[in-house]
Amino acid sequence: MRLILLGAPGAGKGTVAKLLTKLDGSVQISTGDILRGAVQAGTELGKKAEAFMKAGDLVPDELIMGIMEQRLQEPDCAKGFLLDGFPRTIPQAEALKGLLTKLAIDLDAAVDIDVPREVILDRLTTRRTCSNPSCQAIYNVKSNPPRVAGVCDRCGSPVIQRDDETEEAISKRLDTYNEKTAPLVDYYRKEGLLMSVATTSSDDVVNAVKQKIGL
Ligand code: AP5
């Protein structure tokens, strides 16, 4: 499948993407995970992105498009991909459209996961993430804690709270989402690709996607 996952921070894009990858071998491409990996590794990209991310701002479009142009042409994308956290601005959506036309790739849908704000705030303050860049498993101290507190079930690395999960950064990320990313819902409606799922259940989103693309 070839999907864009839209939704506010904490809507569950990463959680749903991980469930969808199990269905048909499509890969999850999370620009947030790629950027956090680069920050942790101290690469040039990481150095450029770090301050924006900590403040809850978006990283400049040129940096993101550079990453995505390369990533979408890697061999593991042949079976399909789930774009988690990309595109996030109208210019990114326009650039993606041009790139996909160039690569002769059609999207199946842009899935908007619509979750109430109070649920999102609660989820973000209670989320924990595996610190190992090649794992990045997602936990929640309330709904899905690791078996041993602070230790990743999958790889044994420390499970941490992200740097952008301070109350101030969360509130900035939600404002940035409303201003810059929410307009993509209309954009993809006009493109005839929008699929909106209003639910707090990740399984409901997965089932709606399965129905839509006939899996
Ligand atoms: P990114 O990593 O993409 O963060 P985000 O969009 O803010 O999304 P999140 O990862 O916070 O949330 P999610 O929707 O994936 O929710 P999750 O599944 O984890 O980006 C981080 C930063 O990188 C940005 O602020 C920006 O600076 C930069 N960046 C990234 N992409 C960029 C781009 N394209 N352009 C410019 N800058 C970019 O779930 C959240 C929690 O809820 C978890 O604890 C989970 O366990 C729990 N949960 C999920 N679903 C359920 C459920 N159904 N029931 C109960 N709990 C649930």
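**Exercise 1. In which loop is the place of Gln136?**

Let's start with a single residue. Keep in mind that this is a predicted model.

*Step 1.* Follow the chain to the loop between S5 and S6; Gln136 has its place there.

*Step 2.* Now look at the backbone. Gln136 has a phi near 55°, which is a positive value in a residue other than glycine.

*Step 3.* Finally, decide on burial. The relative accessibility of Gln136 is 8%, so this residue counts as buried.

**Exercise 2. Describe Ala104 in the same three steps.**

*Step 1.* Ala104 sits in the loop between H5 and strand S4 (109-114).

*Step 2.* The phi of Ala104 is near 55°, again a positive value in a residue other than glycine.

*Step 3.* Exposed means over 50% relative accessible area. Ala104 has 70% relative accessibility, so Ala104 counts as exposed.

**Exercise 3. Find the cis peptide bond and the loop that holds its proline.**

*Step 1.* Phe86 and Pro87 are joined by a cis peptide bond, with omega about -5°.

*Step 2.* To place the proline, go to the loop between strand S3 (81-84) and helix H5 (90-103), where Pro87 is found.

*Step 3.* Both Phe86 and Pro87 will come back in the next exercise, since they are among the residues that line the largest cavity.

**Exercise 4. Work out what surrounds the cavities.**

*Step 1.* Begin with the general idea: rolling a probe the size of a water molecule over the atoms shows where empty space is left.

*Step 2.* Count the cavities. There are 2 of 30 Å³ or more in the structure.

*Step 3.* Take the largest cavity, with about 70 Å³ of space. Its lining includes Leu5, Leu6, Arg88 and Tyr177. Strand S1 (2-6) and helix H7 (167-181) are the elements that give two or more residues to this lining. Sorted by class, the lining of the largest cavity has 6 nonpolar, 3 polar and 2 charged residues.

*Step 4.* Move on to the second largest cavity, whose volume is about 40 Å³. Among the residues lining it are Ala11, Ile113, Arg123 and Ser201. Here the classes are 4 nonpolar, 5 polar and 1 charged.

**Exercise 5. Describe how the protein holds contacts with the ligand.**

*Step 1.* Look at the shell. The ligand is surrounded by 34 residues, and Thr15, Asp57, Arg88, Arg127 and Arg173 are the closest.

*Step 2.* Sort the shell by class: 12 residues are nonpolar, 13 polar and 9 charged. H2 provides the largest share, 4 residues.

*Step 3.* Check individual distances. A side-chain N or O atom of Thr31 is 2.7 Å from a nitrogen atom of the ligand. For Asp57, a backbone N or O atom lies 2.6 Å from a ligand oxygen atom. For Arg127, a polar side-chain atom is 2.5 Å from an oxygen atom of the ligand.

*Step 4.* See how much of the ligand is covered. Taken alone, the ligand exposes 1,000 Å², and the protein buries 93% of that.

**Exercise 6. Place Asn140 and find a partner for its side chain.**

*Step 1.* Asn140 belongs to strand S6.

*Step 2.* Asn140 has a relative accessible area of 10%, so this residue is buried.

*Step 3.* The partner is Thr126: the side chains of Asn140 and Thr126 make a polar contact at 3.0 Å.

Terms used:
Residues numbered from 1 in each chain as written. Predicted model: local features only at pLDDT ≥ 70, side-chain atom pairs only at ≥ 80, totals over all residues. Heavy atoms only, no water. Near = heavy atom within 4 Å. Polar contact = N/O pair within 3.5 Å; in protein donor to acceptor, adjacent residues only side chain to side chain. Areas by Shrake-Rupley, 256 points an atom, 1.4 Å probe, with all protein chains shown as cover. Nonpolar A, V, L, I, M, F, W, Y, C, P; charged D, E, K, R; others polar. Buried < 20%, exposed > 50% of the residue type's maximum accessible area, 1.4 Å probe, protein only. 1 Å grid on protein atoms, 1.4 Å probe; cavity = no way out; pocket = protein on both sides within 12 Å on 5 of 7 lines; lining within 4 Å. Points joined across faces, edges and corners; volume = space filled by probe spheres on them.
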